[in-house]
Amino acid sequence: MTGPTPATTTTARICPNCDGFATAAVPSGTRHRDGSRVLLLVDCGTCHGTGTVPLRPRLTAAHVEVAA
Ligand SMILES: [Zn+2]
């Protein structure tokens, strides 16, 4: 079944800074007692770990808000 993708009405888009991979696991260099690495989870500074950013309303010449 193929066809045009229906228009979505979402109000968010994938974060352009992290491309949706909002949290990175960074090894700290130390290990737990079981030998596994201690990881630091670091969130993207732009989307704060959500992976999406809200769409900004665009303004036209008449300063009327238009869905982006
Ligand atoms: Zn992000």
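A residue is called buried if 20 or more other C-beta atoms lie within 10 Å of its own, exposed if 12 or fewer do, and partly exposed in between, with C-beta atoms placed from the backbone. The exercises below use this definition on a predicted model, in which local features need a pLDDT of at least 70, side-chain atom pairs count only at pLDDT 80 or more, and totals for chains, interfaces and linings use all residues. Residues are numbered from 1 along each chain as its sequence is written.

**Exercise 1. Describe the elements of the protein chain and how confident the prediction is in them.**

Step 1. Helices (H or I, at least four residues) and strands (E, at least two) are DSSP runs, numbered from the N terminus. By this rule the protein chain has zero helices and six strands, and reading along the sequence gives the pattern β-β-β-β-β-β.

Step 2. Confidence is expressed as pLDDT, the predictor's value for each residue on a scale from 0 to 100. The average over the protein chain is 84, and 69% of the residues score at least 70.

Step 3. Among the elements, β3 has the highest mean pLDDT, 96, whereas strand β6 (residues 65–66) has the lowest, 64. Where pLDDT is low, the predicted coordinates should not be read in detail.

**Exercise 2. Find out how much of the protein chain is buried, and then look at strands β2 and β3.**

Step 1. The protein chain has 68 residues, and 1% of them count as buried.

Step 2. In strand β2, which covers residues 23–31, the count of buried residues among its nine residues is zero. Strand β3 is likewise hardly covered, with a count of zero among its seven residues.

Step 3. A single residue illustrates this: Leu40 lies in strand β3, and it counts as exposed because it has 9 C-beta neighbours inside 10 Å.

**Exercise 3. Work out how β2 and β3 are joined, and which residues face each other.**

Step 1. Two strands pair if DSSP finds at least two bridges between them. Six bridges join β2 to β3 (residues 37–43), and the two strands run antiparallel.

Step 2. Opposite positions can be traced along the pair: Thr23 stands opposite Asp43, and Ala25 stands opposite Leu41.

Step 3. The two strands form a hairpin with five residues between them, and in the turn Gly35 has a positive phi of about 95°.

Step 4. Two residues are in contact if their C-beta atoms, placed from the backbone, lie within 7 Å. Leaving out residues up to four places away in sequence, Leu40 touches Val26 and Ser28, and the C-alpha atoms of Leu40 and Ser28, twelve residues apart along the chain, are separated by 6.4 Å.

**Exercise 4. Compare the settings of Asp19 and His48, two residues with a positive phi.**

Step 1. Asp19 sits in the loop between β1 (12–14) and β2, while His48 is found in the loop between β3 and β4 (52–54).

Step 2. Phi of Asp19 is near 60°, a positive value in a residue other than glycine; phi of His48 is also near 60°, again in a residue other than glycine.

Step 3. Asp19 is exposed because 10 other C-beta atoms lie within 10 Å, and His48 is exposed because 11 other C-beta atoms lie within 10 Å.

**Exercise 5. Follow the contacts of Cys18 and Ala22 to residues far away in sequence.**

Step 1. Cys18 belongs to the loop between β1 and β2, and the place of Ala22 is in the loop between β1 and β2 as well. Cys18 is partly exposed, since it has 19 other C-beta atoms within 10 Å, and Ala22 is partly exposed, since it too has 19.

Step 2. Apart from neighbours within four places in sequence, Cys18 is in contact with Cys44, Thr46, Cys47 and Gly51. With the corresponding exclusion, Ala22 touches Cys15, Asp43, Cys44, Cys47, Gly49, Thr50 and Gly51.

Step 3. Two distances complete the picture: the C-alpha atoms of Cys18 and Gly49, 31 residues apart along the chain, are separated by 9.3 Å, and Ala22 and His48, 26 residues apart in sequence, are 7.3 Å apart from C-alpha to C-alpha.

Step 4. For the protein chain as a whole, residues 24 or more positions apart account for 48% of the contacts with a separation of 6 or more.
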